[in-house]
Each structure stands twice: as structure tokens, then as C-alpha cells.
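Student: I would like to go through this structure with you, beginning with the ligand and then turning to the chain around it.

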Amino acid sequence: MKKYNFNAGPSILPQSTIDNCAEAVKDFNGIGLSLLEISHRSKDFQAVIDEAEALFKELLGIPEGYSVLFLGGGASMQFCMVPYNFLEKKAAYLNTGVWAKKAMKEAKGFGEVVEVASSADANYTFYPRNFEIPTDVDYFHLTTNNTIYGTEIHKDLDSPVPMIADMSSDILSRPVDVSKYVLIYGGAQKNIAPAGVTFVIVKNDALGKVSRYIPTMLNYQTHIDGGSMFNTPPVFPIYGAMQTLRWVKEQGGVAAMERRAIERADMLYGAIDSSKLFRPTVTDEESRSRMNICFVMKDEYKELEADFMEFAKGKGMVGIKGHRSVGGFRASTYNALPLEAVKALVECMKEYERMH
Ligand SMILES: *Cc1c(COP(=O)(O)O)cnc(C)c1O
């Protein structure tokens, strides 16, 4: 049976990424050795990391004066690296969900944290708007796409202080004005690569402003100076990232990714909004994520949720169970997901509706 992969992360990757990774594991660049058994300092691998960095810069239009890093530790490690490197006294955070809260928790270990706005009272079902970013803080941190709750901000804010974003789950799904940020980070396993690598885009001259000692491995400057090779980098996922970045470019870049994301999201939200059985959890249209689409069964059909899950599984739908803090269903519709998969899910929902 054909499988439709709606996993939230690790998640669907372009077929070319999978095929080329498989080939490189067997024989990398025709050198007669596996990608898994060569030095990260070999010429062949240096070319991979150089291309991944160059493609990142090209696709997102990253200005001069920024570095692109490929690190270990996940987005979760960035929750502490960010305050370590940027928080001298006080920082402002936008509280839009579990990941944002985890980032805030780490920052509190380094200084004062101001919560600029929060949608916690509404179980994070909307993306806060019209808040004021304080001017007396070292930086402002936000999560642009809330993977668990399915809310997203689709534009780059103007911030009076240095702005830092967790873009784990919406990176490369729309054009970003990188010049508005001093740092953008994310786990690559949602939209770019197999698990194991974290991307960091950092403005070089924004660093070096805190007075504390920063441990070598947690200091961004170490990794800028070392070209992401201060220590052994995650070789295999970096290769996967390079393959996906090539694919994004071939497909027409981030503008094309955004067009497709809108097409997928419009189709699925349209089906949910007009459904007899289902309803969306994010009703504020401006807050709706194009990457993670959450929905539940209407109260009067609630007892059908487990049955629909089984039905959908039987139609090849994978990974549509909602996060435990939201319940119901979540379809993650990342860059590599073909429109055909959304069509199949909509068809599956309609067929189930006809049965009830
Ligand atoms: C998945 C996710 C994380 C956590 O990523 P790890 O790489 O597992 O640490 C952080 N932030 C967001 C928005 C995520 O979606």
C-alpha cells in the first residue's frame, strides 16, 4: 500500500535525498568507501559542507557578515546556547507553546526573562499579535512555527532589539528577511535532513557582547572559526541536508516552497472547515500553520476519533495522531510532502464522513 507520510519530525524528505543518501552510504562519490567511514576533514566531505552552506546562503538570501553552522545537540541545545552567548541582563521571549517555554526556562538560568505575550490561556491556539517588544533587553526570542499546536507567524517582525528565532519546523518554507535577525536556528529533522544536525545562521558581529566565560563547545565563535569542524560534525545528516537544499533549489527555491505550502494548507484547512465531523483547533486564520495542521472531531462525534485513526491507517496515512497536549489529529505538511498526499487525506476524510 502507498504510504502518505505526515510525521511531525523526523519527517518526510525528498525522494532524491533518500536515494542519494542510500547510495552515499554504500559508495560515496564513487571513491569505493562509504560516507560513514571517511574523515570529516577529507576533501570530498569538505565539498559537501561547503555546498550545504553556500546553498543555505543562496536560498535564503543570507547577507554578508552572517555564518551558517551545522552543529550537534538539536534545537534544544540552542535553548541554552542562545542565552549563554547573548543574555547579559535581560531578554524578552514570546510564549507560543512547549518549545518556546523550554527556551524560556533555559534563559532564566542566565538572567531576567520578560514574557512579551502568551497564548497559554487559550492552549496556544493562536499566534499573539500587537504586542510590544521592550527596548531594554539584550534580545527578543520567538518560535516562528509551533509544531505541536499548529500556529505560525508568516512574516518577519520589526524588532527594536536583536531578534532570534527558532525556525525548526518552518525553515525554507517561505522567504525570510534574514537581515532582521541576529540568529536563526533549528533542528534540521523537520524540513531538511535526517535527525542529528542543527542549523544556525548567525550574524558575526552580534557575538562577543556578554561578559561571562562561555564553554568552548557552546561558544558560537568556536564553530565560526572552525567552519563547523571544531569537533567531528554530524557527517551523515549534513550530507542529507546538502541533498535537500539541492532539491529545494531545483524545485524553484523558497518562493516555490511557499506556493506549494499555501496550496497544501488551503486544501486541507478547506476540507476541515467545511466538514461535518471535523473541526480545526486553530480557528484564527491568520495564526494557522502551513506546516502542521491540527484538527479534532466535533464534540458530538468525539467517540469516533480512534475509529477514524484506524480507518486512515488502512488508507496509508502515517503520523496523523495529534500531540498528546492537543489531542485529535495533526497532519504535518512539510516541504517534501506532495499535494497528492493532502488530496489522499482529504479523500479519506470525505469517505469516512459519507459513512457517518
Ligand atoms: C522539534 C522542535 C524542537 C526540538 O528539536 P530537537 O532538535 O529535538 O531538540 C524545537 N523547536 C521546535 C519549534 C521544534 O519543532
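**The ligand and its surroundings**

Tutor: In this predicted model, a polar side-chain atom of glutamine 189 lies 2.9 Å from an oxygen atom of the ligand.

Student: How much of the accessible area that the ligand has on its own does the protein cover?

Tutor: Taken on its own, the ligand has 390 Å² of accessible area. Of that area, the share covered by the protein is 87%.

Student: Which residue places a polar side-chain atom 2.6 Å from a nitrogen atom of the ligand?

Tutor: The residues closest to the ligand are Ser76, Thr147, Asp166, Gln189 and Lys190, among the 14 that surround it. Threonine 147 has a polar side-chain atom 2.4 Å from an oxygen atom of the ligand, whereas the contact to a nitrogen atom, at 2.6 Å, comes from aspartate 166.

Student: Which helix gives the most residues to the shell around the ligand?

Tutor: The shell divides into 3 nonpolar, 9 polar and 2 charged residues, and the space that the ligand takes is the largest pocket. With 4 residues, the element that gives the most to this shell is the one spanning residues 74-86, helix H3.

Student: Why can the protein chain be called as compact as a globular protein of its length?

Tutor: The protein chain contains 9 helices and 14 strands. For 356 residues the globule rule gives 21 Å, and the chain is as compact as a globular protein of that length because its radius of gyration is close to that value, at 21 Å.

Student: Which residue is joined to proline 10 by a cis peptide bond?

Tutor: Most peptide bonds are trans. Proline 10 is found in the loop between strand E1 (4-5) and helix H1 (15-26). The cis bond, with omega about -5°, joins proline 10 to glycine 9.

Student: What value is phi of leucine 172 near?

Tutor: Leucine 172 has its place in the loop between strand E8 (163-166) and strand E9 (183-187). Most residues other than glycine have a negative phi. In leucine 172, however, phi is positive, near 70°.

Conventions:
Residues are numbered from 1 along each chain as its sequence is written. This is a predicted model: local features need pLDDT of at least 70, side-chain atom pairs count only at pLDDT 80 or more; totals for chains, interfaces and linings use all residues. Side-chain values use heavy atoms; hydrogens and water are left out. A residue is near a molecule or strand if one of its heavy atoms lies within 4 Å of it. A polar contact is a pair of N or O atoms within 3.5 Å; within protein, one must be able to donate a hydrogen and the other to accept it, and residues adjacent in sequence count only if both atoms are side-chain atoms. Accessible areas come from the Shrake-Rupley method with a 1.4 Å probe; for residues, only the protein chains shown count as cover. On a 1 Å grid over the protein atoms alone, a cavity is a set of points where a 1.4 Å probe fits but cannot get out, and a pocket is an open set with protein on both sides within 12 Å along at least five of seven lines; lining residues have an atom within 4 Å of a point. A molecule sits in a cavity or pocket if more than half of its atoms lie within 2 Å of its grid points. Helices (H or I, at least four residues) and strands (E, at least two) are DSSP runs, numbered from the N terminus. Ala, Val, Leu, Ile, Met, Phe, Trp, Tyr, Cys and Pro count as nonpolar, Asp, Glu, Lys and Arg as charged, and the others, Gly among them, as polar. The radius of gyration is taken over C-alpha atoms; the globule rule is 2.2 Å times the number of residues to the power 0.38.
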